[in-house]
Protein chains: 2
Amino acid sequence: MPDDGGGRTAASRMREVAQRAGVSPMTVSRALRDPTKVSDELRRRVEEAVRAVGYVPNRLAGNLSSMRSNVIGLIVPGLNNSLYAPTIQGVSAVLRGSGFQLMIADCGYSGEAEEELITAFLAQRVAGLMLHDTRHTEAACAMIRRAGLPVVETGTLAPGPLDMLVSYSNHDAARAMVLHLHRLGYRRIAFVSLPAANNDRSRERRRGYRAALAELGAEEDARLVLEMPPGLASGAEAVVRLLGSAAPPDAIFFAGDVLAAGALFECQRREWPVPGRVALAAFDDIDMLRHTVPPITTLRLPREEIGRRSAEVLLDRIQGRSEERVVVDLGFEIIQRGST
Amino acid sequence: MPDDGGGRTAASRMREVAQRAGVSPMTVSRALRDPTKVSDELRRRVEEAVRAVGYVPNRLAGNLSSMRSNVIGLIVPGLNNSLYAPTIQGVSAVLRGSGFQLMIADCGYSGEAEEELITAFLAQRVAGLMLHDTRHTEAACAMIRRAGLPVVETGTLAPGPLDMLVSYSNHDAARAMVLHLHRLGYRRIAFVSLPAANNDRSRERRRGYRAALAELGAEEDARLVLEMPPGLASGAEAVVRLLGSAAPPDAIFFAGDVLAAGALFECQRREWPVPGRVALAAFDDIDMLRHTVPPITTLRLPREEIGRRSAEVLLDRIQGRSEERVVVDLGFEIIQRGST
DNA sequence: TTGTAGGCGTTATCAT
DNA sequence: ATGATAACGCCTACAA
């Protein structure tokens with residue numbers, strides 16, 4: 001509870017503006033929202049009065065009265081992960097000038113935190129919701145269903161979405177990379193991912209890795225599968241552990257974060273040639289991977305387009321242009337570089 | 001304008017809850033906001049009714065009625081810049097459990113966009129505002145003054161803040177790094193920064209560089225000062241240009257973004273020894289700089305603490321615990337590593 | 001401890 | 001084209 005003590009919001013006054021302009025508040029409201037519905041003369045007077053008093057309309061009151069909202073809520077698992085930046089930019093770009101405001105929140109990869117944030121957004125009566133995760137607490141699902149507001153999920157192409165879904169298949173992407181590495185001649189392909197416990201993307205990627213191995217008739221070797229916390233240091237540790245083992249891999253596929261770069265830096269330190277000693281592949285087209293020596297083979301995912309399309313389908317629904325519960329697969333692409 | 005078409009928010013009903021619980025709406029309101037002010041028996045009944053109807057309170061109405069808000073607005077220049085992540089995390093950590101919601105927006109390094117966002121936040125009647133930039137349009141300043149809400153700026157220790165200020169001195173930090181490089185024996189120290197036009201931090205850093213040179217009795221050489229766009233590629237280009245010139249530097253101080261890492265990667269590609277051929281220093285303690293080969297000398301800035309303290313002083317003011325317009329200098333630290 | 005009346009600032013609706 | 005009136009859903013203030 002905001003247990004305030006004096007934090008009252010500043011007084012505002014459409015009335016005051018109306019008096020100064022010599023009109024009724026209703027006219028001010030109209031002049032502000034749809035200038036064409038009011039005579040030029042009045043519009044001028046209203047605009048001047050607005051400027052004179054420094055009037056800033058109260059959206060709380062407006063939204064309450066109109067039963068309509070101009071804010072869209074976005075929940076990401078972690079803002080410290082730069083992967084979300086392009087998606088957010090995509091959303092922003094579409095929302096800019098639409099009259100809708102974006103409210104971003106960070107649930108820290110926690111389902112409970114996500115539930116709380118969803119509650120807060122629903123309490124704020126947001127017009128629509130964008131969730132990066134595709135798994136949610138039961139309570140969260142129930143609330144969202146009851147609220148009946150449009151929702152887009154963006155984390156991965158998962159079955160049974162709450163409402164709309166705009167993403168790519170983490171499973172297929174991981175699978176494709178493993179097949180790619182195999183095609184390049186690598187035969188012992190290790191897989192390193194972030195903890196899959198609270199992360200549907202990680203799980204999907206692991207499933208994709210397994211699927212590829214199965215297709216290739218290769219047996220899964222538990223010693224080649226690692227789960228590491230995020231961060232460059234983890235990548236370094238993983239490569240050391242894997243290459244120090246009795247039956248080391250000839251390629252490592254890092255399906256998360258900046259792990260692959262961390263591994264490469266460790267190889268540089270130890271003067272292990274890449275890909276001579278081991279090949280390295282990553283999962284996301286972050287700038288760094290293109291600039292390392294050698295540059296790192298990775299997947300290009302449609303991060304920004306996910307943001308754009310999500311915002312578009314959400315607006316379509318909010319503004320009544322569509323009733324469809326669309327599911328959009330935006331695909332992915334393999335970027336072959338020097339590290340493999 | 002949200003030019004809707006059917007995006008009406010779902011109906012909500014404190015009244016309905018009240019009827020189910022056999023009490024007045026007022027009692028429901030109280031039971032929800034301060035459970036101690038209501039008898040145990042009623043509280044139970046109300047809680048059950050809330051669950052039964054899946055009631056989510058309408059904060060719009062609540063905030064409007066109480067003239068109080070539970071959201072805090074935060075505007076950063078660019079969410080794609082990972083530097084803001086720790087600050088945001090600091091803010092989140094303090095706000096978590098405070099009952100206040102954080103609303104994040106990205107102004108894309110544009111003063112006009114910032115003005116628009118400030119307007120939107122004020123229209124939303126946020127309880128407080130956190131701005132990373134310390135320069136704002138005149139209109140924005142005027143609005144904020146009129147609104148009279150607590151504001152914290154966090155970008156740099158600048159004179160004449162709007163209200164409160166929690167940061168470090170970009171000027172002093174840049175100056176300190178130049179003096180440090182000089183102490184290490186470097187005599188031709190180049191300076192590469194992001195475009196200073198829309199960025200008070202960049203400008204301050206450049207001033208710090210100049211101040212240091214002046215103190216050292218060194219003359220500023222225009223050929224050693226570069227302004228580059230953000231990104232690893234820019235750092236690469238900068239190092240090539242500087243080292244290819246007639247009078248190359250023996251050290252380069254990159255005062256922005258990931259420029260220094262880009263430069264290091266370029267040196268690796270060209271097999272220019274660092275620091276043998278040229279020493280490299282950076283401005284921010286991002287993870288990558290610790291893991292490159294060699295690791296890069298840089299400044300550690302109190303990013304997360306800036307977030308925490310900002311949130312704290314803002315809450316102190318919002319909740320009436322303080323009237324002070326505090327200015328907090330959180331300092332910085334030089335991290336000497338292998339690149340210099 | 002609980003309820004009643006009135007209003008927060010805006011917009012929908014219906015008149016004029 | 002403009003205005004009067006009644007909500008929107010909740011909370012403050014006071015009364016019971």
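**Close-up views of a protein–DNA model**

**View 1. Ser24(B) reaches the DNA backbone.** In this predicted model, a polar side-chain atom of Ser24(B) sits 3.1 Å from a phosphate oxygen of DNA strand C. Asn58(A) uses a backbone N or O atom, also placed 3.1 Å from a phosphate oxygen of that strand. Arg30(B) meets a base instead: an N or O atom of its side chain is 2.7 Å from a base nitrogen of DNA strand C.

**View 2. Protein residues surround DNA strand C.** The strand has 25 residues around it; a residue is near if one of its heavy atoms lies within 4 Å. Met14(A), Ser29(A), Tyr55(A), Thr27(B) and Arg30(B) come nearest. Eleven residues of this surface are nonpolar, ten polar and four charged. (Ala, Val, Leu, Ile, Met, Phe, Trp, Tyr, Cys and Pro count as nonpolar; Asp, Glu, Lys and Arg as charged; the others, Gly among them, as polar.) Helix α4(A) gives the largest share, four residues. Helices are DSSP runs (H or I) of at least four residues, numbered from the N terminus.

**View 3. Two helices of chain B pack together.** α2(B) and α3(B) (residues 40-53) cross at about 95°, with axes 10 Å apart. Axes are lines fitted to C-alpha atoms over the stretch in contact, and angles run from 0 to 180 degrees between N-to-C directions. The two helices are therefore roughly perpendicular (65 to 115 degrees). Thr27(B), Val28(B), Ala31(B) and Leu32(B) of α2(B) touch Leu42(B), Val46(B) and Val50(B) of α3(B); contact means heavy atoms within 4.5 Å.

Residues are numbered from 1 along each chain, and chains are lettered from A in the order written. Local features need pLDDT of at least 70, side-chain atom pairs 80 or more, while totals for chains, interfaces and linings use all residues; side-chain values use heavy atoms, without hydrogens and water.

Technical notes: Polar contact = N/O pair within 3.5 Å; in protein donor to acceptor, adjacent residues only side chain to side chain. Parallel < 35°, antiparallel > 145°, perpendicular 65-115°, else oblique.
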